[in-house]
Amino acid sequence: MTTVSTAPELAPSHHRPNEHRPSLGRLTAVELRKLVDTRAGRWLLITIGLVSAVIVTLLLVYAEAPEQNFTMFFTTSLLPVGVLLPVLGILSITSEWSQRTALTTFALVPRRERVITAKLVAVVLAALGAVLSSLAFAAAGTAIAGATGGAGTWRIEAALVAHAVVFQVASVLMGAGFGLLLFNTPLAIVAYLVLPIIWSIVGELVRPLNRAAEWLDTGRTMEPLFTAEVSTGQWQRLAVSLLLWLVVPLVAGMVRTMRREVA
């Protein structure tokens, strides 16, 4: 007697429905939550907000009345916040290795490039949030200045806000690039802070390197972003410096992350 099996035949793998995988939006939401899940990340975000508040307060107390305006409040907070944001970018990458969660993360999402992309999108959103925070504190400072005898001028160039976005996004991505490249939080932070400073000093002191420093020193190439007008030549210098300090670490770090064994 012939027995007929009723078990369903498994379709070949290329005919099976695609396994459900989280969307980039969901992965980004997870990475945004990770930014505040750790004590270091949470306090760093709080510190970024406090820095903007302290700067506005100092300007209200010590700045001359004509200087107490929206543009001054906003631009003065950009640099200190821009120093802290790259640390956030570094932590978003290196925390996976320092807290030994990389194995779980890459097991759940085997395509590592999707995880890295989500992390980069998350830190970019954090940078945009920092710009909005600076605008909010600047608005509060302007309102207070207007009520206490300061200039209280609300006028600000839209280009200046756009330049602030470029500055903060580039800064946080540079930090993320160093994190991808080095994996180690203290090493990445030191390298990010020290290497550009060393290059800036060498480019200033060594005469043959003066010309190169004008194109490769981010301290110089990003300075025009604090003004409303940036010339074509300044944009070109900024692009070249970001190619060295942002694109190269990101690409090299991506390759290294894709190849690294997860223990």
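In this predicted model, His-163 makes quite a list of contacts once residues up to four places away in sequence are set aside: Leu-225, Thr-227, Ala-228, Glu-229, Val-230 and Trp-235. The histidine itself is found in helix H6. With a relative accessible area of 7%, His-163 is buried, because anything under 20% falls in that class.

Helix H6 spans residues 158-182, and its axis comes within 7 Å of the axis of helix H3, which covers residues 70-98. The two axes cross at roughly 25°. Since angles under 35 degrees count as roughly parallel, that makes H3 roughly parallel to H6. As for handedness, the crossing of H3 and H6 is right-handed. Sorting the residues of this H3 and H6 contact by class gives 15 nonpolar and nine polar ones, with no charged residues in the mix.

Over on the H3 side, Thr-76 is a handy residue to look at, as it lies in that helix. Is Thr-76 buried, exposed or partly exposed? Its relative accessibility is 29%, so Thr-76 counts as partly exposed; the in-between class runs from 20% to 50%. Leaving out neighbours within four places in sequence, Thr-76 is in contact with Ile-55 and Leu-59. There is also a link back to the backbone: a polar atom of the Thr-76 side chain sits 2.6 Å from the backbone oxygen of Met-72. Turning to Val-161, this residue is 85 residues away from Thr-76 in sequence, and their C-alpha atoms are 13 Å apart in space.

The last stop is helix H10, residues 232-259, where Leu-246 is located. Leu-246 has a relative accessible area of 10% and is therefore buried, again going by the under 20% cut-off. What does Leu-246 touch, not counting residues up to four places away in sequence? The answer is Ala-170, Leu-173 and Met-174. Leu-246 can also be placed relative to Leu-79: the pair are 167 residues apart along the chain, with 18 Å between their C-alpha atoms.

Put together, the picture has H3 and H6 crossing at roughly 25°, with His-163 buried in its surroundings, Thr-76 partly exposed and Leu-246 buried.

Conventions: Residues are numbered from 1 along each chain as its sequence is written. This is a predicted model: local features need pLDDT of at least 70, side-chain atom pairs count only at pLDDT 80 or more; totals for chains, interfaces and linings use all residues. Side-chain values use heavy atoms; hydrogens and water are left out. Axes are lines fitted to C-alpha atoms, for helices over the stretch in contact, and angles run from 0 to 180 degrees between N-to-C directions. Helices (H or I, at least four residues) and strands (E, at least two) are DSSP runs, numbered from the N terminus. Angles under 35 degrees count as roughly parallel, over 145 as roughly antiparallel, 65 to 115 as roughly perpendicular and the rest as oblique. A crossing is left-handed if the near helix is turned anticlockwise from the far one by less than a right angle, and right-handed if clockwise. Ala, Val, Leu, Ile, Met, Phe, Trp, Tyr, Cys and Pro count as nonpolar, Asp, Glu, Lys and Arg as charged, and the others, Gly among them, as polar. Buried means under 20% relative accessible area, exposed over 50%, partly exposed in between (1.4 Å probe, protein chains only). Contact means heavy atoms within 4.5 Å. A polar contact is a pair of N or O atoms within 3.5 Å; within protein, one must be able to donate a hydrogen and the other to accept it, and residues adjacent in sequence count only if both atoms are side-chain atoms.
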